[in-house]
Amino acid sequence: MIVEKQVPLQAHNSFGIVAKAHHLARIRSEADLAQLRATPEWEVLTRDAMPFVLGGGSNLVITGDVKPLVLKVEIMGRRLVEETGKGWLIEAGAGENWHAFVQWTLQQGWPGLENLALIPGTVGASPVQNIGAYGVELQDRFHSLDAIDLRSGEAFTLDAAQCGFGYRDSVFKHASADMRDFGLAGRALITRVRFWLPKAWKPVLGYADLERKMAETGNTAPDAQTLFDWVCAIRRAKLPDPAVIGNAGSFFKNPTVTPEQCADIIAREPKVVHYPMPDGTVKLAAGWLIDACGWKGRGVGNAGVYEKQALVLVNRGGATGGEVVTLARAIQTSVYERFGIRLEPEPVVI
Ligand code: EPU
């Protein structure tokens, strides 16, 4: 097991920020991690800080060289675990590219993940964020995952309930405050994820962008491959390709407010984009709020707000993590001053 030193991270974070990992180990199997844990180097490198688990780096802002040991998860493999009369149970290694995995499931004739096409990142990172798009969240198709506790080295399996999924949220984003809280932030390395794709498939078409596609094409009953193609086209038109313009997708979560707060905002800002949620709260479109504050196309240094979607911050070339963070704070301040709403960032800042 080799620990590489001074490893450039620019290619390993979708913002394309230039930084180095002081120490980085590539984990290609469970055995790799066990081997690494048994070395004297592990003791030394994890004495002051837990290792930092890196997947595709698509939800990350790096603000300087990374001192904690970086574990780059490269566990590959995808397979059908089981087929029953009701559906398919599929497993993928945490290091698999998410979009390629979605494409592969469709090629095999297993629909269900098409609305989640083109989301950057790896399979292993998908439950951390509970990735979601166009009316489907990962938790709707998730079965279970395998992970390793970085403190003890023990392997464990979690089902959906144990993952504590919420909107762009899971147990992997929370630190353990006490014994009752099963927070796993910084503690677990996800190795494999399993998905349950029911044979009773129905297209999920509730989103305005998809309704527009139906109207445009006259196809009101698209198959999974068509829906996949539509989602790819919508995303390509609206969101920057990280291979061309560095970014981490939506930078902030869409905030939820009470109906009273929403009514108050509508009284002042009648055009505010809002969606009533099943639990009685109201979700506001953060992109609209940022756009309304005039941020589209503006920036700080080389970090900017994407011209076509104000919720996406971009690296215009050579941006530092500090510039991205400064821009994010300035946006938070102006949205708070105008609407009284605190926007919560999505990416991890390290
Ligand atoms: N809007 C504006 N101006 C903007 C941006 C958006 O007015 O600059 C308005 C749009 O016109 C629309 C509304 O805000 O009425 C919502 O915009 P959009 O449909 O683009 O979706 P979103 O709420 O901004 C969310 C997810 C995306 C996901 C899309 C589709 C979050 C934080 N983001 O974006 O997820 O792809 O819905 O489901 O929930 C991601 O998390 O990285 C991501 C890209």
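Reader: In which helix is Arg338 found, and does Arg338 count as buried or exposed, or as something in between?

Author: The model is a predicted one, and in it Arg338 is found in helix α11, which spans residues 321-339. The relative accessibility of Arg338 is 33%, and buried would require a value under 20% whereas exposed would require one over 50%. Arg338 therefore counts as partly exposed.

Reader: Which residues is Arg338 in contact with, once its neighbours within four places in sequence are left aside?

Author: One of the partners is Ala292, which is 46 residues from Arg338 in sequence, while the C-alpha atoms of the two are 9.3 Å apart in space. With the neighbours within four places in sequence left aside, the residues in contact with Arg338 are Arg268, Glu269, Ala292 and Cys293.

Reader: Where is Glu269 found, and which residues does Glu269 touch beyond those up to four places away in sequence?

Author: Glu269 is found in the loop that runs between α9 (259-268) and β15 (274-276). Its relative accessible area is 13%, so Glu269 is buried. Not counting residues up to four places away in sequence, Glu269 touches Trp288, Arg338 and Phe339.

Reader: With which side chain does the side chain of Glu74 make a polar contact?

Author: Glu74 is found in the loop between β5 (70-73) and β6, and with a relative accessible area of 15% Glu74 is buried. Leaving aside neighbours within four places in sequence, Glu74 is in contact with Arg26, Ile27, Arg28 and Gly95. The polar contact, at 3.2 Å, joins the side chain of Glu74 to that of Arg28.

Reader: How many of the ten residues of helix α3 are buried?

Author: Helix α3 covers residues 98-107 and is mostly covered. The buried residues are Trp98, His99, Phe101, Val102, Trp104, Thr105 and Leu106, and they pack against β6 (78-83), β7 (87-93), α4 (126-129), α5 (138-141), β12 (188-198) and α8. Of the ten residues in α3, the number buried is seven.

Reader: Which residue caps the N-terminal end of α3, and which residue with a positive phi follows α3?

Author: At the N-terminal end, a side-chain oxygen of the capping residue, Asn97, lies 3.1 Å from the backbone nitrogen of His99. After α3 comes a glycine, with a positive phi near 90°. The cap is thus Asn97, and the residue that follows α3 is Gly109.

Reader: Is α3 roughly parallel or antiparallel to α8?

Author: The axes of α3 and α8 come within 10 Å and cross at roughly 155°, and an angle over 145 degrees counts as roughly antiparallel. The crossing is left-handed. The contact is made by His99, Val102, Gln103 and Leu106 of α3 and by Ala224, Gln225, Phe228 and Cys232 of α8, a set that divides into five nonpolar, three polar and no charged residues. On the angle, then, α3 is roughly antiparallel to α8.

Reader: At roughly what angle do the axes of helix α7 and helix α8 cross?

Author: Helix α7 (residues 208-217) and helix α8 (residues 224-238) have axes that come within 10 Å of each other, and α7 passes α8 in a right-handed crossing. The angle is such that the two helices are roughly perpendicular to each other. The value for the crossing is roughly 115°.

Reader: How do the residues of the contact of α7 with α8 divide into nonpolar, polar and charged?

Author: From α7 the contact draws on Asp209, Leu210, Lys213, Met214 and Thr217, which meet Leu227, Trp230, Val231, Ala233, Ile234 and Lys238 in α8. These residues divide into seven nonpolar, one polar and three charged.

Reader: What is the approximate phi of Asn130, and what is that of Arg168?

Author: Most residues other than glycine have a negative phi. Asn130, in the loop between α4 and β8 (132-133), has a positive phi without being a glycine, and at 0% relative accessibility it counts as buried. Arg168, in the loop between α6 (160-163) and β12, counts as buried at 15% relative accessibility. The phi of Asn130 is about 50°, and that of Arg168 is near 50°.

Notes: Residues numbered from 1 in each chain as written. Predicted model: local features only at pLDDT ≥ 70, side-chain atom pairs only at ≥ 80, totals over all residues. Heavy atoms only, no water. Axes fitted to C-alpha atoms, helices over the stretch in contact; angles between N-to-C directions. Helix = DSSP H or I, 4+ residues; strand = E, 2+ residues; numbered from the N terminus. Parallel < 35°, antiparallel > 145°, perpendicular 65-115°, else oblique. Left-handed = near helix turned anticlockwise from the far one by under 90°. Contact = heavy atoms within 4.5 Å. Nonpolar A, V, L, I, M, F, W, Y, C, P; charged D, E, K, R; others polar. Buried < 20%, exposed > 50% of the residue type's maximum accessible area, 1.4 Å probe, protein only. Polar contact = N/O pair within 3.5 Å; in protein donor to acceptor, adjacent residues only side chain to side chain.
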